[in-house]
Amino acid sequence: MIAETAFATLTPERFESPLYELPQEEWSEEPRDYTVTVAGPERYDGEQPFTYVVRDHTTEQAWIQAP
């Protein structure tokens with residue numbers, strides 16, 4: 001059983017455990033810009049992370065959009 005907190009777990013389904021816990025976010029009528037940075041295992045070889053700006057209604061939906 002997961003304890004309820006003031007934070008919502010925002011994790012894409014492909015991960016087994018939460019990556020981050022962010023404050024509960026309400027869905028907004030108007031989409032807004034989010035900056036999403038993706039750093040894969042290549043970072044250990046010196047490759048820089050990829051940063052995307054996506055427009056969506058929630059943080060979770062923005063994360064899902066990032067390739």
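Of the 67 residues in the chain, 21% are buried. This figure comes from a predicted model, and the values that follow were computed from that model. The accessible surface of the chain comes to about 5,700 Å², and carbon and sulfur atoms account for 52% of that area. The chain holds four strands and one helix, arranged from the N terminus in the order β-β-β-β-α. A look at contacts between residues at least 6 apart in sequence shows that 37% of them join residues at least 24 apart.

A good place to start the tour is the largest nonpolar core, which is made up of six residues: Y34, V36, V54, A62, W63 and A66. Strand β3 and helix α1 (residues 59–65) each supply at least two residues of this core. V36 illustrates how the members meet. With residues up to four places away in sequence set aside, V36 touches the core residues V54, A62, W63 and A66, and the list of its partners also includes F50, T51 and Y52. I64, by contrast, is a residue of helix α1 that is exposed, because its relative accessible area of 52% lies over the 50% cut-off for that class. The C-alpha atoms of I64 and V36 are 9.7 Å apart in space, with their positions 28 residues apart in sequence.

Strand β4, which spans residues 50–56, offers several residues worth a visit. One of them is Y52. This tyrosine is partly exposed, since its relative accessible area is 26%, a value between the 20% and 50% limits. Beyond its neighbours within four places in sequence, Y52 is in contact with Y34, T35, V36 and V38, and also with A66 and P67. Y52 and Y34 are separated by 18 residues in sequence, and their C-alpha atoms lie 8.2 Å apart.

Charged side chains come next. Side chains of opposite charge can pair when their charged atoms come close. A search of the whole structure finds one salt bridge. The partners in a salt bridge here are D33 and R55, whose closest N and O atoms are 2.9 Å apart. D33 sits in strand β3 and R55 in strand β4, so the pair ties together parts that are 22 residues apart in sequence.

What, then, is the nearest side chain of opposite charge to D56? D56 also belongs to strand β4, and that nearest side chain is R55, 9.2 Å away. D56 is buried yet has no salt bridge, because a salt bridge requires the nitrogen and oxygen atoms to be within 4 Å. The side chain of D56 does have a polar partner: a polar contact of 2.4 Å joins it to the side chain of Q65. Setting aside residues within four places in sequence, the contacts of D56 comprise P31, R32 and Y34 together with Q61, A62 and Q65.

The last stop is a loop. E26 lies between strand β2 (residues 21–23) and strand β3 (residues 32–38). Is this glutamate buried or exposed? E26 is exposed, because its relative accessible area of 64% is over the 50% cut-off. E26 nevertheless has partners from farther along the chain: apart from neighbours within four places in sequence, E26 is in contact with H57 and T58. E26 and T59 are 33 residues apart in sequence, and the distance between their C-alpha atoms is 9.8 Å.

Technical notes: Residues are numbered from 1 along each chain as its sequence is written. This is a predicted model: local features need pLDDT of at least 70, side-chain atom pairs count only at pLDDT 80 or more; totals for chains, interfaces and linings use all residues. Side-chain values use heavy atoms; hydrogens and water are left out. Buried means under 20% relative accessible area, exposed over 50%, partly exposed in between (1.4 Å probe, protein chains only). Contact means heavy atoms within 4.5 Å. Accessible areas come from the Shrake-Rupley method with a 1.4 Å probe; for residues, only the protein chains shown count as cover. Lys and Arg count as positive and Asp and Glu as negative; His and the chain ends are not counted. A polar contact is a pair of N or O atoms within 3.5 Å; within protein, one must be able to donate a hydrogen and the other to accept it, and residues adjacent in sequence count only if both atoms are side-chain atoms. A nonpolar core is a set of buried Ala, Val, Leu, Ile, Met, Phe, Trp, Tyr and Cys residues joined through side-chain atoms within 4.5 Å.
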